[in-house]
Amino acid sequence: MRIGVFTALYQQFDFEDALDKAAAAGVSAVEIGVGGYPGSRHCRVDELLAGAAERRAFLEAIAARGLLLSALSVHNNPLHPDPAVARLADAELRNAVRLAQALGVPVVNGFSGLPAGAPGDSMPNWVTCPWPPEFLQMLDYQWNEVAIPYWREMEQFAAGHNVKIAFEMHPGMLVYNVETLLRLRAATGPMLGCNFD
């Protein structure tokens with residue numbers, strides 16, 4: 001078993017200094033942010049996607065410290081009702097999957113996202129119970145019209161790159177507990193899983 005650290009904890013340090021901090025803490029693996037809320041301070045995504053030499057140097061810096069790159073992380077909201085926010089989140093997630101494949105990293109960690117409660121709403125709406133009755137309508141919309149179609153297609157995209165997507169079950173997101181994780185996975189496919197951070 002390996003114990004790792006998410007290098008977002010070391011945002012104040014550059015990439016190699018963050019790796020040094022992780023190694024000094026005695027961990028053997030690192031998860032590195034590539035967009036979304038954690039940002040990409042320790043990973044120049046476009047450069048790594050563009051060049052094999054850049055990817056080799058990136059992986060060598062990690063391995064030189066006795067560390068393993070266990071996952072990439074892109075926590076954001078691809079289900080956001082604001083189309084610009086959703087497009088950016090989707091693009092970052094797709095680039096994370098492409099980069100994971102190029103680096104030989106098996107997993108991209110992130111959030112499930114959270115849609116609006118109804119078409120035309122401008123903000124995400126976290127519904128956690130089925131009453132009053134309109135909440136059931138909101139949940140039906142969120143799951144069946146937004147989340148399942150999006151994640152079904154994304155699961156196929158990830159499978160095509162031989163990468164799994166792991167959700168951090170988090171309050172404020174559609175997948176926030178085991179029940180919601182299993183519901184989404186049953187409706188999409190085996191490339192979607194869980195991140196027990």
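User: Before we look at empty space in this model, what is a cavity?

Analyst: A cavity is a set of grid points where a 1.4 Å probe fits but cannot get out. Rolling a probe the size of a water molecule over the atoms shows where empty space is left. In this structure, which is a predicted model, a search of the whole structure yields 2 cavities of 30 Å³ or more.

User: What volume does the largest cavity have, and which residues line the largest cavity?

Analyst: The largest cavity holds about 40 Å³ of space, and its lining is made up of Thr-7, Ala-8, Gln-11, Ile-32, Gly-33, Pro-38, Gly-39, Ser-40, Arg-41 and His-42. Sorted by class, that lining comprises 3 nonpolar, 6 polar and 1 charged residues.

User: And how should I read the second largest cavity, beginning with which residues line it?

Analyst: Around the second largest cavity, which contains about 30 Å³ of space, one finds Val-74, Asn-76, Leu-93, Val-108, Asn-109, Gly-110, Phe-111, Trp-151 and Ile-165. Strand 4, covering residues 107–110, gives the most to this lining, with 3 residues, and the class division for the second largest cavity is 6 nonpolar, 3 polar and no charged.

User: Turning to open space, what is the volume of the largest pocket, and which element gives the most to its lining?

Analyst: A pocket, in contrast to a cavity, is an open set of points. The largest pocket here has a volume of about 290 Å³, and of the 13 residues that line this pocket, Phe-15, His-42, Cys-43, Arg-44 and Phe-58 are the closest to its centre. Helix 1, helix 2 (45–50) and helix 3 each supply at least two residues of the lining, with helix 3 giving the most, namely 4 residues. By class, the lining of the largest pocket consists of 6 nonpolar, 1 polar and 6 charged residues.

User: Helix 3 also packs with helix 4; at what angle do helix 3 and helix 4 pack, and how far apart are their axes?

Analyst: Two packed helices are described by the angle between their axes and the distance between the axes. For helix 3 (residues 52–63) and helix 4 (residues 83–103), the angle is about 75° and the axes are 10 Å apart, which makes helix 3 roughly perpendicular to helix 4, since angles of 65 to 115 degrees count as roughly perpendicular. At the contact, Arg-55, Phe-58 and Leu-59 from helix 3 meet Leu-99, Ala-102 and Leu-103 from helix 4, and these contact residues divide into 5 nonpolar, no polar and 1 charged.

User: How many salt bridges does the structure hold, and with which residue does Arg-65 form one?

Analyst: Side chains of opposite charge can pair when their charged atoms come close. The structure holds 4 salt bridges, one of which joins Arg-65 and Glu-16, with the closest N and O atoms 2.8 Å apart. Arg-65 lies in the loop between helix 3 and strand 3 (68–75), whereas Glu-16 lies in helix 1 (residues 15–24), so this pair ties together parts that are 49 residues apart in sequence.

User: Finally, which residues does a cis peptide bond join, and what is phi of Asn-162?

Analyst: Most residues other than glycine have a negative phi, and most peptide bonds are trans. Here a cis peptide bond, with omega about 10°, joins Trp-131 and Pro-132, and Pro-132 belongs to the loop between strand 4 and helix 5 (134–160). Asn-162 has a phi near 60°, a positive value in a residue other than glycine, and Asn-162 is placed in the loop between helix 5 and strand 5 (164–168).

Key. Residues are numbered from 1 along each chain as its sequence is written. This is a predicted model: local features need pLDDT of at least 70, side-chain atom pairs count only at pLDDT 80 or more; totals for chains, interfaces and linings use all residues. Side-chain values use heavy atoms; hydrogens and water are left out. Axes are lines fitted to C-alpha atoms, for helices over the stretch in contact, and angles run from 0 to 180 degrees between N-to-C directions. Angles under 35 degrees count as roughly parallel, over 145 as roughly antiparallel, 65 to 115 as roughly perpendicular and the rest as oblique. Contact means heavy atoms within 4.5 Å. Ala, Val, Leu, Ile, Met, Phe, Trp, Tyr, Cys and Pro count as nonpolar, Asp, Glu, Lys and Arg as charged, and the others, Gly among them, as polar. On a 1 Å grid over the protein atoms alone, a cavity is a set of points where a 1.4 Å probe fits but cannot get out, and a pocket is an open set with protein on both sides within 12 Å along at least five of seven lines; lining residues have an atom within 4 Å of a point. Grid points are joined across faces, edges and corners, and a volume is the space filled by probe spheres set on the points. A salt bridge is a side-chain nitrogen of Lys or Arg within 4 Å of a carboxyl oxygen of Asp or Glu.
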